[in-house]
Amino acid sequence: MDAQQKRNIVIVAYYLTRHPKFNPAQHTITLLEATAIASGASGKAGGLLALWAYPSCLVPLSYRLHRELAAEHNGAERWGYRRLGCGSLAAIVRASDIKPTEPKPPLPPTSNGTNGELPIQSTLSDEKTKDWEKLPKQDDKAAGLLQDSPLPHDLDWINGALIQHYEEMGSPGSTETAQVHPFHFTNALADLAKEKGVDIRLRAKVTRIHDLTTAGVRSVVYENRDTEEIRTIDDVTDVVVAAGPWTGKLLPRTRVEGLRAHSVVFEADVSPYAVFTDIQLPTDYAPEHRTSQGQRRRHKGNVDPEIYARPFGEVYACGGPSIPIPLHAVQS
Ligand SMILES: Cc1cc2nc3c(=O)[nH]c(=O)nc-3n(C[C@H](O)[C@H](O)[C@H](O)COP(=O)(O)OP(=O)(O)OC[C@H]3O[C@@H](n4cnc5c(N)ncnc54)[C@H](O)[C@@H]3O)c2cc1C
């Protein structure tokens, strides 16, 4: 369950510039990013913040800092900071509950050579080209069934007739859940850090950290990926590495590696809830992407996507982690 209150290098840079001893005339902070701000998990995560999450030694502090950041910088508008309901549910879907979907026309080809499936940061920056999936609307019949459902009455975008069990996360009434839009949050914090003097260099891929001992570091070498020039920053005193799953490549002793998880974002303006699911599918269920290719292989076992209503009219759904990421395949 991902609700451990995200930490990334942009947040580190932001807080360094707010340290009482930070003096831009004396201190230089340089942020080296191999691609773009929020291009990794920090831009594509769920964005959930939960007081019931773990580790309990860190979560209350992080949760409070998020609340304070939002209050200070108008986070509600800038990055969609808000409270939301959160629960886990168990559902049983029978064959008769699954409606056949209309065949979809192929997506138009795009200038980047993909089939119109743009990464989220591209769709956010170019509203006109986005090709959103739509959530099916609840019909009147389904809405009527909600009255007997164990779901909260305003969680009206899940078919209550399928639900066996619903439970609020944490301790009802005493542990809160909130959220941010991770892409907007990370970019806003980068802007705030930059305003206070952080030198943000994009497409700057760190290749080496020199003299990495307990006594400190000396220099950092990086490649400017536009010009392929190799540059060195000398007289470095401190380095913070937050390269997500690539951290282990820069600092092998950390043994940090990645797990792959898939997520999709829908355009839908629904009540603010995040749900952790456990859904039992019909035993003979074969997913449409297989049947449409003439394959009969059935889906085995339950599925458990996390589904979050998100600010700015989105719904985010994420599957569980699969295999470790082959890093050479994803680092562009
Ligand atoms: C699917 C998913 C859902 C999640 N949901 C939540 C959630 O709801 N709530 C929550 O709190 N947390 C969530 N998390 C966890 C959270 O997103 C991460 O813990 C956090 O974003 C990690 O930040 P990071 O900066 O370490 O890594 P990343 O955000 O992955 O950033 C790493 C950056 O390092 C750059 N980089 C890599 N190598 C180099 C190099 N050599 N030189 C320079 N730059 C380099 C990459 O380009 C990338 O931009 C989720 C994670 C995933 C994968």
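This report describes the overall make-up, aromatic pairs, salt bridges, first helix and unusual backbone geometry of a predicted model.

## Overall make-up and confidence

The model is predicted, and its chain averages a pLDDT of 83, with 79% of the residues scoring at least 70. Over residues 1-5 the pLDDT is below 50, and this stretch has 21 contacts in the model beyond near neighbours in sequence. The pLDDT is also below 50 over residues 110-130, a stretch with 25 contacts beyond near neighbours in sequence.

The chain has ten helices and 15 strands, and of its 332 residues, 37% count as buried. Among the contacts in the chain with a separation of 6 or more, 70% are accounted for by residues 24 or more positions apart. The accessible surface of the chain comes to about 20300 Å², and carbon and sulfur atoms make up 52% of that surface.

## Aromatic pairs

The structure holds five aromatic pairs. In one of them, the ring centres of Trp52 and Phe276 are 6.0 Å apart and the planes stand at 85 degrees, so the pair is edge-to-face. Trp52 lies in the loop between strand S2 (48-50) and helix H3 (59-73), whereas Phe276 lies in strand S13 (residues 273-280), so this pair ties together parts that are 224 residues apart in sequence. Both Trp52 and Phe276 are buried.

Phe276 also pairs with Tyr308: the centres of these two rings are 6.1 Å apart and their planes are at 70 degrees, so this pair, too, is edge-to-face. The pair links distant parts of the chain, because Phe276 belongs to strand S13 and Tyr308 to strand S14 (residues 306-310), 32 residues apart. With the cut-off for buried set at under 20% relative accessible area, Phe276 counts as buried at 6%, and Tyr308 counts as buried at 1%. Ring pairs link Trp52, Phe276, Tyr308 and Tyr316 into a cluster.

## Salt bridges

A search of the whole structure finds six salt bridges, and the table gives some of these, including the relative accessible area of each partner.

| Salt bridge | N to O distance | Accessibility of first partner | Accessibility of second partner |
|---|---|---|---|
| Glu68 and Arg64 | 2.8 Å | Glu68, 39% | Arg64, 35% |
| Arg201 and Asp199 | 2.8 Å | Arg201, 28% | Asp199, 29% |
| Asp226 and Arg203 | 2.8 Å | Asp226, 57% | Arg203, 33% |

Glu68 and Arg64 both lie in helix H3, where they are four residues apart, about one turn of the helix. In an α-helix there are 3.6 residues a turn, so residues three or four places apart point the same way. Glu68 is partly exposed, and Arg64 is likewise partly exposed.

The side chains of Arg201 and Asp199 meet in a salt bridge, with Arg201 partly exposed and Asp199 also partly exposed. In the bridge between Asp226 and Arg203, Asp226 lies in the loop between strand S10 (219-224) and strand S11 (229-233) and Arg203 in the loop between strand S8 (199-202) and strand S9 (204-210), so the pair ties together parts that are 23 residues apart in sequence. Asp226 is exposed, while Arg203 is partly exposed.

## Helix H1

Helix H1 (residues 9-17) has as its buried residues Ile9, Val10, Ile11, Ala13, Tyr14 and Thr17. What covers these buried residues includes strand S1 (30-33), H3 and helix H7 (182-195). The N-terminal end of H1 is capped by Asn8, of which a side-chain oxygen lies 3.0 Å from the backbone nitrogen of Val10.

## Backbone geometry

Most residues other than glycine have a negative phi, and most peptide bonds are trans. Against that background, a cis peptide bond joins Tyr54 and Pro55, with omega at about 0 degrees, and Pro55 lies in the loop between S2 and H3. That loop also holds Trp52.

Glu228, although not a glycine, has a positive phi of about 65 degrees. Glu228 lies in the loop between S10 and S11, and with a relative accessible area of 62% this residue is exposed. Asp235, also a residue other than glycine, has a positive phi near 55 degrees. Asp235 is placed in the loop between S11 and helix H8 (247-250) and is exposed, with a relative accessible area of 75%.

Notes:
Residues are numbered from 1 along each chain as its sequence is written. This is a predicted model: local features need pLDDT of at least 70, side-chain atom pairs count only at pLDDT 80 or more; totals for chains, interfaces and linings use all residues. Side-chain values use heavy atoms; hydrogens and water are left out. pLDDT is the predictor's confidence in each residue, from 0 to 100. Contact means heavy atoms within 4.5 Å. Rings of Phe, Tyr and Trp (its six-membered ring) pair if their centres lie within 6.5 Å; planes under 30 degrees apart count as stacked, over 60 as edge-to-face and the rest as tilted. Helices (H or I, at least four residues) and strands (E, at least two) are DSSP runs, numbered from the N terminus. Buried means under 20% relative accessible area, exposed over 50%, partly exposed in between (1.4 Å probe, protein chains only). A polar contact is a pair of N or O atoms within 3.5 Å; within protein, one must be able to donate a hydrogen and the other to accept it, and residues adjacent in sequence count only if both atoms are side-chain atoms. A salt bridge is a side-chain nitrogen of Lys or Arg within 4 Å of a carboxyl oxygen of Asp or Glu. Accessible areas come from the Shrake-Rupley method with a 1.4 Å probe; for residues, only the protein chains shown count as cover.
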